[in-house]
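Please load the model in the viewer and keep a selection panel at hand. The tour below proceeds by selection, with a short account of what each one shows.

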Amino acid sequence: MSESRPMRAERPSAANAAPLQAALARWVRAHGGSELLAGLAALAVAAEAQGDSAVSVVLSEEQRLALRSETLLSDLRVEDRADTPFVLDTADRFYLRRNYRHEQRIAEAWHARLRHSAMTDTTAREADLDALFGADSAAPARPDHAQRVAAGRVLSQPAFVLTGGPGTGKTRTVLRMLLMCLRQASEPLRIRLAAPTGKAAQRLRQSLQDGLHQLQSLDPTWQDALATLSVLQAETVHRLLAWSPRERRFRHDARRPLPADIVVVDEASMLDLAQWCALLQAVPLTARLILVGDADQLTSVGAGSVFSDLVEVLERQHDPRCVRLQHSFRAEGHLSALNMAVQSGDWLSTLQALNADPAHIDWQPIQRAEALLPAIQRSAARLASEPALHAAANGTDDPADVARAALATLGSEQWLCALREGQWGSALLNARIEDLLRQAWHVGSTGDWFGGRAVIVQQNDYELGLFNGDIGICVRETDGRLGVWFAGTENDSPRRFAALDLPHCESAFAISIHKSQGSEYPHIHVLLPPDPEHRILSRQLLYTAVSRARQTVHLYASEATLAAALERRITREGGLRERFQAAAL
């Protein structure tokens, strides 16, 4: 092996990180760093682009000795000079300093929270749990028993982790957790609800409101607690922590903590390393932190896999601060079996589930893009025949009602793609569906905007109240004008915007699997690339996709692709699991 080039684990570098790799390598050389350090820095940038917080390297003794003389690097076998931009830890993980610092602060904040003694050790009253879940839920065999356990344990814990797949009752459990906390509080509680995206925050609030309606029959002693929860709002984590674009930082941090007694964060698996660091530092130790998410779905787009790392450590140690919900109350029986098989990575069980119920699970092991055309045509024909979408395309004098109905229609069926570009990507699939819809509705083919077009917001716009992942529908009005409508909050009417006023949007008849996280649809179409070596494939990707379905899933993937996805469980590189392990001891 060349003494100037380190070896690393066999994962290819991210192509889109190449310019940054080159720039950082030049910076290292310009500041007196060696070719060896420049190469390591470039590897760390590529690793971060793939979601790793560090890169594992294999060094010779000569290389290791040479690195100890680098002024830009701290070798933790010797010392940590806190001002260096790079860190090599004792397990030969090479970090960009910011990622090392984030891991360190996350673990320290978690450890401090667990050790904090100000939290009252309160035992849940069984009568209260009976009122919220029913007396039968005390039996371990009952499907909602784990929900009851979680609601009972949260009262004595400064931090609590609730994980489970779609339809397992996570939000139902959170609602009852909050009611238990309010029930036993001696004074009013300041409760904050948050999620990584605006769309996820809206879903959290709506799900809690729906759950409250189901609890109106509780006896009068619960009414104050119910009233408190009825007015709660949910917000993005950025808004919760008060992100300042001008200062490029959060206003709430360890010095200026959140004014809160309980903080609930939903879809926590979507938060990256930096967001977790900011969150844990901003939530005061006197507040109870409830973290909710699905540890088996795709990890964050940014670096780190904090939620899945945390759940892995807590479950390995049978920690009472973590409860996993496993029974699905919403998906059809065979869909639940498919989700569990994919989650476990069991190929034979997955194959059996895929073929067990053709009425609800339609697996088409295609390898050519042309084979998709019949399914695309059928899907477009269903959309074209929907009265609300037809009215949106051809003009209406009641655009608000048409928009409301059209948005409901769009939520019933969704194409999910692993890729954005190419023959198997969402961009081309959207173009094909839109061409078919334009033909069916006799709509002109010029311009991106037309009545009946579905769009998805790609970035937050706090002034407009539109958030990354929001779905909208373009509606043609009788005077020929086009308006783009998005769902209002609760019972509010849909909101109309001019297309030119919107943040960046893309067509939404097909969206990425990443964008579908936190959503569910009665019917889904899942499209995976035919190349089993494609780096996008993973067990988490497949699980996230198929678990979006409530009633039917149409899966377009070759047998080799499915086998490769099941085999490839992504574990991001970094030292956070070891840090959590140490914190739990």
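Begin by selecting Cys 181, which counts as buried because its relative accessibility is 5%, under the 20% limit. The model is a predicted one, and every value quoted here is computed from it. Next, add Cys 322, which holds the cysteine sulfur closest to that of Cys 181. The two sulfurs are 17 Å apart, so they are too far from each other for a bond.

Now select Cys 505 together with Cys 474. Cys 505 also counts as buried, because its relative accessibility is 13%. Its closest cysteine sulfur, in Cys 474, lies 11 Å away, which is too far for a bond. Across the whole structure, the search returns 0 disulfides.

Keep Cys 505 displayed and add Val 457, the residue that stands opposite Cys 505 of β20. Extend the selection to strand β16, residues 454–457, and to β20; the two pair in the antiparallel sense over 3 bridges. Both strands belong to an open sheet of 5 strands with antiparallel pairing, in the order β19-β18-β17-β16-β20. At its edges are β19 (495–497) and β20 (505–507), each of which pairs on one side only. On average, neighbouring strands of this sheet are turned by 35° against each other, direction ignored.

Turn next to helix α13, residues 333–344. Its 12 residues reach 17 Å from the first C-alpha to the last, close to the 16 Å expected at 1.5 Å a residue. Colour its buried residues: Leu 335, Ser 336, Leu 338, Asn 339, Ala 341 and Val 342. Which elements do the buried residues of α13 pack against? They are α14 (347–354), β14 (361–364), α19 (539–546), β23 (549–556) and α20 (559–567). Gly 345 follows α13 and has a positive phi, near 75°.

For the interior, select Trp 415, Ile 433, Ile 473, Leu 528 and Leu 542, which touch the most other members of the largest nonpolar core, a set of 67 residues. Helix α17 (residues 399–410) supplies the largest share of this core, with 6 residues. Centre the view on Leu 528 and show its contacts beyond four places in sequence: Ala 418, Trp 424, Ile 513, Leu 537, Leu 541, Leu 542, Tyr 556, Ala 557, Thr 561 and Leu 562.

Finally, select Leu 132, Ala 150, Val 154 and Ala 234, which are among the members of a second, separate core of 39 residues.

Conventions
Residues are numbered from 1 along each chain as its sequence is written. This is a predicted model: local features need pLDDT of at least 70, side-chain atom pairs count only at pLDDT 80 or more; totals for chains, interfaces and linings use all residues. Side-chain values use heavy atoms; hydrogens and water are left out. A nonpolar core is a set of buried Ala, Val, Leu, Ile, Met, Phe, Trp, Tyr and Cys residues joined through side-chain atoms within 4.5 Å. Buried means under 20% relative accessible area, exposed over 50%, partly exposed in between (1.4 Å probe, protein chains only). Helices (H or I, at least four residues) and strands (E, at least two) are DSSP runs, numbered from the N terminus. Contact means heavy atoms within 4.5 Å. Two strands pair if DSSP finds at least two bridges between them. Axes are lines fitted to C-alpha atoms, for helices over the stretch in contact, and angles run from 0 to 180 degrees between N-to-C directions. The expected span of a helix is 1.5 Å times one less than its number of residues. A disulfide is a pair of cysteine sulfur atoms within 2.5 Å.
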